[in-house]
Amino acid sequence: MDGIDKRNRLDENPFSYKISKDNTVFIEFHGKRVKILKAKEADKFLKRIEEAENDKEQQLILAKITGNFKRGNERKK
């Protein structure tokens, strides 16, 4: 995992997720919802999260699943 998070942004734990009763997964970045996973995609994600060895690996999985949603031109409130 060396070289993946060169600026150590994942150490801050910017990503989080919540699981609803029907196994829908809501992924958030700094408290804002950025992705929703349902059915097979949610099951696959939960399996990968369970297999993660530490928090940083979980953050990396969350970052990869959200894809390239940040472009650098978002407004900060």
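The following exchange between a student and a tutor works through a predicted model of one chain.

Residues are numbered from 1 along each chain as its sequence is written, and side-chain values use heavy atoms, with hydrogens and water left out. Because the model is predicted, local features need pLDDT of at least 70 and side-chain atom pairs count only at pLDDT 80 or more, while totals for chains, interfaces and linings use all residues.

Student: Which pattern does the chain follow when read along the sequence?

Tutor: The chain contains 2 helices and 3 strands, where helices (H or I, at least four residues) and strands (E, at least two) are DSSP runs numbered from the N terminus. Read along the sequence, these elements give the pattern β-β-β-α-α.

Student: In what order do the strands of the open sheet lie?

Tutor: Two strands are said to pair if DSSP finds at least two bridges between them. S1 and S2 pair in the antiparallel sense over 5 bridges, and S2 and S3 likewise pair in the antiparallel sense over 5 bridges. The 3 strands therefore make an open sheet, and its order is S1-S2-S3.

Student: Which are the edge strands, and what is the average twist from one strand to the next?

Tutor: An edge strand pairs on one side only, which applies to S1 and to S3 (32–37). From one strand to the next, the twist averages 25°.

Student: Which residues take a positive phi in the two hairpins?

Tutor: S1 and S2 form a hairpin with 5 residues between them, and in that turn Asn 23 has a positive phi of about 65°. The hairpin of S2 and S3 has 2 residues between the strands, and the residue with a positive phi near 50° there is His 30.

Student: Which residue in S2 is the bridge partner of Phe 15, and how are the two rings arranged?

Tutor: The structure holds 2 aromatic pairs (rings of Phe, Tyr and Trp, the last by its six-membered ring, with centres within 6.5 Å; planes under 30 degrees apart count as stacked, over 60 as edge-to-face and the rest as tilted). One of them joins Phe 15 and Phe 29, at 5.0 Å centre to centre and 55° between the planes. Phe 15 lies in S1 (residues 15–19) and Phe 29 in S2 (residues 25–29), 14 residues apart. The bridge partner of Phe 15 is Phe 29, and the arrangement of the rings is tilted.

Student: Why does the pair of Tyr 17 and Phe 45 tie together parts that are apart in sequence, and how many residues separate them?

Tutor: Tyr 17 and Phe 45 form an edge-to-face pair, with 5.4 Å centre to centre and 90° between the planes. Tyr 17 lies in strand S1 whereas Phe 45 lies in helix H1 (residues 39–51), so the pair ties together parts whose separation in sequence is 28 residues.

Student: Is Phe 45 buried or exposed?

Tutor: Buried means under 20% relative accessible area and exposed over 50%, with partly exposed in between (1.4 Å probe, protein chains only). Its ring partner Tyr 17, at 29% relative accessibility, counts as partly exposed. Phe 45 has 2% relative accessibility and therefore counts as buried.

Student: Which elements give two or more residues to the largest nonpolar core?

Tutor: A nonpolar core is a set of buried Ala, Val, Leu, Ile, Met, Phe, Trp, Tyr and Cys residues joined through side-chain atoms within 4.5 Å. The largest one has 15 residues, and those with the most contacts inside it are Phe 15, Val 25, Ile 27, Leu 37, Phe 45 and Leu 62. The elements that give two or more residues to this core are S2, H1 and helix H2 (55–66).

Student: Which residues is Glu 28 in contact with, leaving aside its neighbours within four places in sequence?

Tutor: Glu 28 is found in strand S2, and at 10% relative accessibility it counts as buried. In S3, its bridge partner is Arg 33. With contact meaning heavy atoms within 4.5 Å, and leaving aside neighbours within four places in sequence, Glu 28 touches Pro 14, Phe 15, Ser 16, Lys 18, Arg 33 and Val 34.

Student: What distance separates the C-alpha atoms of Asp 5 and Lys 56?

Tutor: Asp 5 has its place in the segment before S1, and with a relative accessible area of 14% it is buried. Leaving aside neighbours within four places in sequence, Asp 5 is in contact with Leu 10, Asp 11 and Lys 56. Asp 5 and Lys 56 are 51 residues apart along the chain, and their C-alpha atoms are separated by 9.4 Å.

Notes:
Axes are lines fitted to C-alpha atoms, for helices over the stretch in contact, and angles run from 0 to 180 degrees between N-to-C directions.
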